[in-house]
Amino acid sequence: MVTRKNPLFDTATTLGKILGFLGVSAICGVLVAGLLVPAAAVSGSAASGSIQFFDTLPAELQVDPPSQNTTILAKDGTPIASIYAENRTKVPLDSMSPFIKDAVIAIEDSRFYEHGGIDTTGIMRAIVSTARGNKQGASTITQQYVNNVINESLVASDREEDVKLNGGDKGVGDKLREMKLAIALEKKFSKEQILEGYLNIVFFNRDAYGIEAASKFFFSTTAKDLTLPQAALLAGLVNSPSAFDPIANPDNAKKRRDLVLAAMVNQHKITQAQYDEAVATPVTTKVTPARQGCAYATMAPYFCDYVLHLLFNNPAYGDTTDERIKRVQRGGLTIQTTLDPTAQTVAQQQVDATAGANPDKWGASITSVQPGTGQIVSMAQNTVWLPQEGKFDQTQNFNVDVLDADGNDLNGIGGFQPGSTMKPFTFAQWLNEGKSMNTTINASVRKYGVNFPWRNTCPTPVNGFYDRNVAGSFDLQNSDEGYYRNMTVLYGLMNSINTATFASASQVDLCGIQGIVDATGIHGGLPTRDEAGKVTDPNPKVPMTTLSNLIGATQTAPLTMAAAFATFAADGKYCEPIAITSVKDQSGAELPAQSSNCKDAVKPEVARGVAYAMGKVLDEGSGSLIRPALNSKNFPVAAKTGTNDSNGSTWVVGYTTGLATASWFGDPLDNQLRPGRNLTINGQFYQSIDGYMIAGPQFTNYMLSVAPAYGTNPFPAPPSNLLGTAAPQRNTTPAPTTQNPAPPSNNGNSGNGNNGNNGNGNKG
């Protein structure tokens, strides 16, 4: 039930107006006394009691910096994106047009430089006006600043429900507190500091907080370059941002602007000629929409999102994820990253050229890291963040672990099956045990049964077997029939022969392979979780005692593979990938960032042997069809191709001495279950895709453009004992000579029913 007002005290009645006048006058008297007269000097118990009440109000206002935009920068300082909860860029007073300072003072607080925080003349005028039935505010700029600071603090503390935007929301106690704080603020700060703080915090509408953001939004200019008509219009907005919005209500905006101009000329802040010219100027805007977030990044939106997740996952930025997000969105941070804009442009061009617009939504990605530092140079994929007609829209990052994307492994990608790009790690352990890469092995063996005598010093038992005589299993298979024979270990890697990889693995310690895989940073892209869904291991091992992982069965992110291969480029030194080189808060103080975290992972001679062998992959082996283009620049490159069982995940991962790159093409949807067969990409039909076909040219074109800037020195030669003596090789199956070979009868690199992992590893 609505409570009826007592007509005796209704402010619409004469008596109500008088009583209201007397009540407000009493408050005003207390405030004036509190402002002008020390309590000890006042005689009379009533006056003394009033001032004692006033003195008990809080006198300190914690003026924290208001929410400011966080900026993400590329390595050369190029802006990538702006992140904020409130679109605000703080600028000093001397970087604001004199017109905006004069306009705001003229319309909001003409005695700003005369009062001590509250304007007693204005209060009396407002009292009289209110008593006559015309409500009028009397808040000074200092009081408005206090109110904005209080509200900003409430919002930052997740207490939006306590925000009080105008006088109608405030009780007498609120108003008294605001006035007392204004007086205290004037004692602590200069007028210029208060005016600067006010103009940087006040809301101007349209997602524009502070004069700099408002200038950019409404006029595509800066606060320093505001013209007189523009400044007067923005000063008028403060009173009622919606009512005087020049876009929604241009007529109201002009009337309000002209009122501001009239106040300015009456107060001798502008001349009559300036006034006449300004009021004759039409109200026009040149809007620059505020675009916040990685979706509106100027480049590399997925790298931008990766950077944010690094901060959101970093306890140094808050105890909870919500606190960290708030720190980034409101903290005015400057985040310097490792991204090279030139390399990023090339990477984006390549993935777009590979499969920029394809109705079947096949994915392409490139990511690069710098050997010896781990700095991420580029990160691109052939999708757009926001839906666009004819484009493959996708918010999932193809290149990183799922926790570095959306954090939800139920919907995230978390990498792809790496296929034969895992084979160099078995090869590395072969060399690590001092064996020659030109040792002949028996690659005709296809059965590795339940009781096969694997050498394994790890506590994890061997998981899996290949034996078609056991129900649910089958023999190990190659993609071509002619390779079930004796060959050197080097030849087996060059041509990506599955049975050669297993023959090599059967003569080394599986635990040694595990050690190299772990040391080079390879891990699964999906975290392990307990029954409640809590993450128990964000970077789970890829167990190399699970046999199908010898040929790449576990989903692994392209960034992980690029960093692992960079180890071989850096003479055996592994460096964790890093994206953030510095973070500064709005005061310029340094916050925790990332620094190169490197360690010796494999012996230098082993790294050199792997580089030698993967150079041969391009010169003579499964990657030979992509080598001729690289020869045009004549610099050393080492790489490995890879394809999974379904042909739905294809790779080339390789490096020069200065740059390591993972190039991927395949199915990013439906848990990567779509086979990469009988598809048309860029007008070309493929019966089945292989690593060298699409991911290969993508890798080559990118490296041709970018690698020379990072160094293409010759790889150091491996020691002679690892080379040994090459035995003659009999190649009964020539390398493919077309870009579209017939599909193999069976990719046949599957694991078995016991471990549930499908292997992979075409010739590439």
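Reader: How many residues of helix 15 are buried?

Author: A helix here is a DSSP run of H or I with at least four residues, a strand is a run of E with at least two, and both are numbered from the N terminus. Buried means under 20% relative accessible area, exposed means over 50%, and partly exposed is in between (1.4 Å probe, protein chains only). Helix 15 is mostly covered, and its buried residues include Trp430 and Leu431. The count is nine of its ten residues.

Reader: What kind of model is this?

Author: Residues are numbered from 1 along each chain as its sequence is written, and side-chain values use heavy atoms, with hydrogens and water left out. Local features need pLDDT of at least 70, side-chain atom pairs count only at pLDDT 80 or more, and totals for chains, interfaces and linings use all residues, this being a predicted model.

Reader: Which residue with positive phi follows helix 15?

Author: Helix 15 covers residues 423-432. The residue that follows has phi near 80°, and it's Gly434.

Reader: Where else is phi positive, in a residue other than glycine and near 55°?

Author: Lys361 has a positive phi without being a glycine, but its value is about 60°. Lys361 sits in the loop between helix 14 and strand 6, and it counts as partly exposed because its relative accessibility is 32%. The one you're after is in strand 19, residues 677-681, and its phi near 55° belongs to Asn678.

Reader: Why does Asn678 count as exposed?

Author: Asn678 is part of strand 19. Asn678 counts as exposed because its relative accessibility is 57%.

Reader: How much space lies in the largest cavity?

Author: On a 1 Å grid over the protein atoms alone, a cavity is a set of points where a 1.4 Å probe fits but cannot get out, and lining residues have an atom within 4 Å of a point. Points are joined across faces, edges and corners, and a volume is the space filled by probe spheres set on them. The structure holds two cavities of 30 Å³ or more. The largest cavity has about 70 Å³.

Reader: Which elements give two or more residues to the lining of the largest cavity?

Author: Among the lining residues are Lys423, Thr426, Phe427, Val489, Gly492 and Ser504. The elements that give two or more are helix 15, helix 16 (489-494) and helix 17 (498-505).

Reader: How far is Asp340 from the nearest side chain of opposite charge?

Author: Asp340 sits in the loop between strand 5 and helix 14. A salt bridge takes a side-chain nitrogen of Lys or Arg within 4 Å of a carboxyl oxygen of Asp or Glu; Lys and Arg count as positive, Asp and Glu as negative, while His and the chain ends aren't counted. Asp340 is buried with no salt bridge, and the nearest opposite charge, on Lys75, is away by 6.8 Å.

Reader: Which side chain makes a polar contact with the side chain of Asp340?

Author: A polar contact is a pair of N or O atoms within 3.5 Å; within protein, one must be able to donate a hydrogen and the other to accept it, and residues adjacent in sequence count only if both atoms are side-chain atoms. Contact in general means heavy atoms within 4.5 Å. Leaving out residues up to four places away in sequence, Asp340 touches Val377 and Tyr710. The polar contact, at 2.5 Å, is with Tyr710.

Reader: Which side chain of opposite charge is nearest to Asp404?

Author: Asp404 lies in the loop between strand 7 and helix 15. Beyond four places in sequence, Asp404 has contacts with Tyr306, His309, Leu310 and Asn313. Asp404 is buried without a salt bridge, and the nearest opposite charge, 11 Å away, is on Arg324.

Reader: How many salt bridges does the structure hold?

Author: One of them joins Arg88 and Glu152 (3.9 Å, N to O), linking distant parts of the chain, 64 residues apart. Glu86, Arg88, Glu152 and Arg330 are linked in a network of salt bridges. The structure's total is 17.

Reader: Why does Arg88 count as buried?

Author: Its partner Glu152 is buried too, with a relative accessible area of 10%. Arg88 counts as buried because its relative accessibility is 0%.

Reader: How many residues apart in sequence are the parts that Arg608 and Asp571 tie together?

Author: Arg608 and Asp571 form a salt bridge, with the closest N and O atoms 2.8 Å apart. Arg608 lies in helix 20 and Asp571 in the loop between helix 19 and strand 12, so the separation is 37 residues.

How values were computed: On a 1 Å grid over the protein atoms alone, a cavity is a set of points where a 1.4 Å probe fits but cannot get out, and a pocket is an open set with protein on both sides within 12 Å along at least five of seven lines; lining residues have an atom within 4 Å of a point.
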